[in-house]
Amino acid sequence: MRTILNVIWLVFAGIWLALGYALAGVICCILIITIPFGIASFRIAAYALWPFGRTVVRDPDAGVFSLAGNIIWCLVAGIWLAIGHVVTSIPLFISVIGIPMGVANIKMIPVSLLPLGARIVDNA
């Protein structure tokens, strides 16, 4: 079931969201100081391509630099990526088949706002 949902997700929302994250990652990798943001963005882009069967786990030992980086990220790119999640989830909620994908899209909003200090792991 996960594979079917992932394939449907890839066609209707995953490609567009992954492109948005990849664009943010490329922009962040232009400057040396923002490379950690770019790496986090590429990691989330891979998650946005194939989200079912994986989840986001917060690292409690992330530290103050992660907090400061998340605040900067949220102001610069996180808000726009979260808006992208909301916009792409609305058409998914219209059909019965799209409801699980819309829910998955909404569940990605916290990691799009605060990517540093988060790990993407496989569900057990």
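Biologist: Where is His85 found?

Modeller: Keep in mind that this is a predicted model. Going by its secondary structure, the place to look for His85 is helix 3.

Biologist: And is His85 buried or exposed?

Modeller: The cut-off for buried is under 20% relative accessible area. His85 has a relative accessible area of 0%, so it counts as buried.

Biologist: Which residues does His85 touch, not counting those up to four places away in sequence?

Modeller: Helix 3 is home to His85. Once residues up to four places away are set aside, the list for His85 reads Leu17, Tyr21, Asn105, Met108, Ile109 and Ser112.

Biologist: Let's turn to the core. Which helix supplies the largest share of the largest nonpolar core?

Modeller: That core has 25 residues, and Trp9, Tyr21, Phe52 and Trp73 have the most contacts inside it. Helix 1, helix 2 (35-49), helix 3 (64-92) and helix 4 (99-107) each give at least two residues to this core. The largest share is eight residues, and they come from helix 1.

Biologist: What is Trp73 in contact with, leaving aside neighbours within four places in sequence?

Modeller: Trp73 is one of the residues with the most contacts inside the largest nonpolar core. Beyond its sequence neighbours, Trp73 is in contact with Ala24, Cys28, Phe37, Ser41, Gly78, Leu81, Ser112, Leu113 and Pro115.

Biologist: Now the outside. Which helix gives the most to the nonpolar patch on the surface?

Modeller: The patch is formed by Val7, Val11, Phe12, Ile15, Trp16, Leu19, Leu49 and Trp50, with about 800 Å² of accessible area together. Six of its residues come from a single helix, spanning residues 2-28, and that is helix 1.

Biologist: Take Ile15 from that patch: why does it count as partly exposed?

Modeller: Ile15 sits in helix 1. Partly exposed covers the range between under 20% and over 50%. Ile15 falls in that range because its relative accessibility is 38%.

Biologist: Zooming out, in what order do the elements of the protein chain run from the N terminus?

Modeller: The chain has five helices and two strands. Read from the N terminus on, the order is α-α-β-α-α-α-β.

Biologist: What radius of gyration does the protein chain have, next to that of a compact globule?

Modeller: Along the principal axes, the C-alpha atoms fill a box of roughly 45 × 30 × 15 Å. For 124 residues, a compact globule would come out near 14 Å, and the chain agrees with that at 14 Å.

Biologist: How much of the accessible surface belongs to carbon and sulfur atoms?

Modeller: Of the 124 residues, 39% count as buried. The accessible surface of the chain comes to about 7,200 Å², and the part belonging to carbon and sulfur atoms is 79%.

Note on methods:
Residues numbered from 1 in each chain as written. Predicted model: local features only at pLDDT ≥ 70, side-chain atom pairs only at ≥ 80, totals over all residues. Heavy atoms only, no water. Patch = residues over 30% accessible without salt bridge, like charges linked within 9 Å, V, L, I, M, F, W, Y side chains within 5 Å. Areas by Shrake-Rupley, 256 points an atom, 1.4 Å probe, with all protein chains shown as cover. Salt bridge = Lys/Arg side-chain N within 4 Å of Asp/Glu carboxyl O. Helix = DSSP H or I, 4+ residues; strand = E, 2+ residues; numbered from the N terminus. Buried < 20%, exposed > 50% of the residue type's maximum accessible area, 1.4 Å probe, protein only. Core = buried A, V, L, I, M, F, W, Y, C linked by side-chain atoms within 4.5 Å. Contact = heavy atoms within 4.5 Å. Rg over C-alpha atoms; globule rule 2.2 N^0.38 Å.
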